[in-house]
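Biologist: Please take one helix of this protein and look at it closely. I would like to know how it packs and what surrounds one of its residues.

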Amino acid sequence: MLERAAAPGTRRRRVGSGNERDRLSSAVNTVEAIDPRHAAAQRLRERAFRAATFAAAMLVLLLLGGVAIALLLGSWPAFRHFRLAFLTREIWNPVTDQFGALAPVYGTLVTSLLALLLAIPVSFGIAIFLTELAPSWLKRPVGVAIELLAAVPSIIYGIWGLFVLAPILQRHVQPWLIEWLGPLPLVGRLFQGPPFGIGVLSASFVLAIMVIPFISAVMRDVFETVPDVLKESGYGLGATTWEVIWQVVVPYARTGIIGGVMLGLGRALGETMAVTFVIGNAHRIGSSLLAPGTTISATIANEFTEAVGDLYTSSLVALGALLFVITFAVIAAARYMLMRLERRALSSL
């Protein structure tokens, strides 16, 4: 590379290097040569800005570490007393100080997975309709309505689920499930028993309605990033709308789709009040989805104010630590999956 002489007090840079840092350094040195005080003040502001952003990033890590340490210290008496039996026992008896986390963990996982099974197809249909099929005069009202659903407080969903959804399920949906799906050999066990109206299935319905706005909004934004030239090329080759969606739009946006689903799963895992209203709050594991159950967040919300004794309180904090671990594991798995997909996409180029 050819080099050219620079003015005294400035750095020599290579011609044609195109390095952004060299250009910035040259500009700063030029300002310093013109006004040294202005350059010193500018460097001070840059150092202060860098320190402020670094402090903000470290604050997040400190808060996360503080929450983890507080949960570990608060749950240690329960784990020390019950050991691994705390994770494998179903019993929850505050009178005899016998506690087990199996039923709340089971209820949390089952309701969240069922909510995703119900919400993903609906969210996908909403996103596809808004981005590919809806007329222009209908896109904005439907999009605003979906966003408003995300702003409704969770306790409102819980009250609606208890007084509106649960009676409908008890009178119309659950009897039909018991009559037609109950006698089946394997799946039938999931739909047997009396129609209580409240239970694991009802909580799953409420959670599905709550996470639909989040998943559909992310999917819609991701679908809108698909270049029009790709879709137009598919149509030009004679593909139908269905083929363009499944062979062009979905493969291009699969990373964002998974991210939206994981966002909905994280929302469902930590939901408290809406689930507390409709799940029944029973510390047992039933083979039927129609039976009452409980979740980690519902158990903590119901019993923390009434907890008497260190072991009882520590057991509730231990449930919170388990929920923290489950949520962290879900987010880590989602991040790992997204990294795999990105590497596979780059390797295919």
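Modeller: What follows describes one helix, its partner and one residue on it. This is a predicted model, in which local features need pLDDT of at least 70, side-chain atom pairs count only at pLDDT 80 or more, and totals for chains, interfaces and linings use all residues. Residues are numbered from 1 along each chain as its sequence is written, and side-chain values use heavy atoms, with hydrogens and water left out.

The protein has 13 helices and two strands, which are DSSP runs (helices H or I, at least four residues; strands E, at least two) numbered from the N terminus. Helix α4 covers residues 102–133 and helix α5 covers residues 136–151. Their axes (lines fitted to C-alpha atoms over the stretch in contact, with angles from 0 to 180 degrees between N-to-C directions) come within 9 Å and cross at roughly 150°. That makes α4 roughly antiparallel to α5, a term for angles over 145 degrees. In α4, Ile126, Phe129, Leu130 and Thr131 are in contact (heavy atoms within 4.5 Å) with Leu138, Lys139, Val142, Gly143 and Ile146 of α5.

Thr111 also lies in α4. With a relative accessibility of 1%, Thr111 counts as buried, meaning under 20% relative accessible area (1.4 Å probe, protein chains only). Of the 349 residues of the protein, 35% count as buried. The side chain of Thr111 reaches the backbone oxygen of Thr108 at 3.2 Å. Apart from neighbours within four places in sequence, Thr111 is in contact with Val200, Ala203, Ser204, Leu207, Ile279 and Thr295.

Technical notes:
Angles under 35 degrees count as roughly parallel, over 145 as roughly antiparallel, 65 to 115 as roughly perpendicular and the rest as oblique. Buried means under 20% relative accessible area, exposed over 50%, partly exposed in between (1.4 Å probe, protein chains only). A polar contact is a pair of N or O atoms within 3.5 Å; within protein, one must be able to donate a hydrogen and the other to accept it, and residues adjacent in sequence count only if both atoms are side-chain atoms.
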